[in-house]
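Hi there,

Here is the structure I promised to pass on to you. Please open it and keep it beside you as you read my notes.

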Amino acid sequence: MTRPEQYVTRAEARTALEAAARESLRAPSVFNTQPWRWRLIGDVLELASDPSRRLGATDAEGRLLLISCGGALHHAGVSLAAGGWRAEVRRLPDGQHPDLLARIRITGRTTPDAHAKELAAAVHRRRTDRRAFDARPVDEQTLDRLRRLVEDQGAYLHVVPDDRVPELAVSVDEAADANVDQAHHSELTEWTHRPAWTGDGVPATTAVQASLRRVPVRDFLPDGSPGMLPGAGHDEGAAYVIIFGSSDAPVDLLRGGEAMSALLLQATAEGLATAPISEAVEVAWPRRLLSRLLSGVGEPYLVVRLGYVEETDTVPPSPRRLPTDVITVED
Ligand SMILES: Cc1cc2nc3c(=O)[nH]c(=O)nc-3n(C[C@H](O)[C@H](O)[C@H](O)COP(=O)(O)O)c2cc1C
């Protein structure tokens, strides 16, 4: 007896889901905290947040934690679509357990998605590039494509017009000034000086020496020596975009993170360098300044700098936790 085209065995579903969870581990996260846990149980893959990895001072409300987890969820979905699996995703499926963010189930097979394959290939090339971008501008068509992808994920994209970039710079600057207390300083020191075995945190090799920028870049090593030079550019051609949504409800922040991942992977696939900037959304007053840039129509989730770098050397990969520490496999 031949089995129907759509039929997926339990073993096949489990293999594909576990592979998707593994691929998701390369997702970006605030301070590279990787605040997520995966659990494969039967033929269901569950994503949960790991509150012990929330940044108490930098991310008191847990917004960046949810955005980071949304990134991992989107990475997993890309892996499944690229492998030709149809999947159903239920977000925040259990009101009693708010840490349980998503349940993924495979519902059948389909032709491997060509676009998802491009994004899947970008997963391993994507880096947060904190160097200055050069004068080559990001064209309108590219920004339109990115906007549509963000909207497909249920969020919105605002491209900050050139003449309002100084306002963005002020809000990032104000936020950096507000974050100079001892609690923020200790948190930054902790996550930039992680022992190698933890597989997390922001290593000095990926931090960039301070220099004058159109919008300040977070100084990850105020007392140390960053591994990269800012380069020849001055961010002249950089585009600054704001991913935003209609509310700061957890499900919307999760979708904001999915949109972030879609944007970063597409930009990487197209040869753009990318760098998330979250300082201005971490502090209430600068976040209000950002809302003004959106004319008050939405809740800002994350700023991303996009552009091109002249330098031919690549940014080294940041570490990741071991799959066995993050993915639990049960029968
Ligand atoms: C929600 C979020 C906020 C982030 N905020 C910043 C930021 O303000 N400044 C920065 O340089 N990188 C920021 N990043 C980038 C992370 O530091 C980076 O993803 C992490 O260190 C892993 O490195 P990778 O992106 O190169 O894999 C942010 C990432 C996420 C997902």
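Below is what I found around the ligand.

This is a predicted model, in which local features need pLDDT of at least 70 and side-chain atom pairs count only at pLDDT 80 or more, while totals for chains, interfaces and linings use all residues. Residues are numbered from 1 along each chain as its sequence is written, and side-chain values use heavy atoms, with hydrogens and water left out.

Let's start with where the ligand is. The ligand sits in the largest cavity. A cavity is a set of points on a 1 Å grid over the protein atoms alone where a 1.4 Å probe fits but cannot get out, and "sits in" says that more than half of the molecule's atoms lie within 2 Å of its grid points.

Next, the neighbours. The ligand has 23 residues around it (a heavy atom within 4 Å). Arg-126, Thr-128, Arg-130, Ser-278 and Arg-320 come nearest. By class, this shell has 11 nonpolar, six polar and six charged residues, with Gly counted among the polar ones. Helix 2 (63-82), a DSSP run of H or I with at least four residues, gives the largest share, three residues. Domain 1 (10-125) and domain 2 (140-307) each contribute at least three residues; those bounds come from an automatic or database domain assignment.

Finally, look at the polar contacts, pairs of N or O atoms within 3.5 Å. An N or O atom in the side chain of Arg-130 is 2.6 Å from a ligand oxygen. Ser-278 has a polar side-chain atom 2.8 Å from a ligand nitrogen.

Happy exploring!

Key: Polar contact = N/O pair within 3.5 Å; in protein donor to acceptor, adjacent residues only side chain to side chain. 1 Å grid on protein atoms, 1.4 Å probe; cavity = no way out; pocket = protein on both sides within 12 Å on 5 of 7 lines; lining within 4 Å. Helix = DSSP H or I, 4+ residues; strand = E, 2+ residues; numbered from the N terminus.
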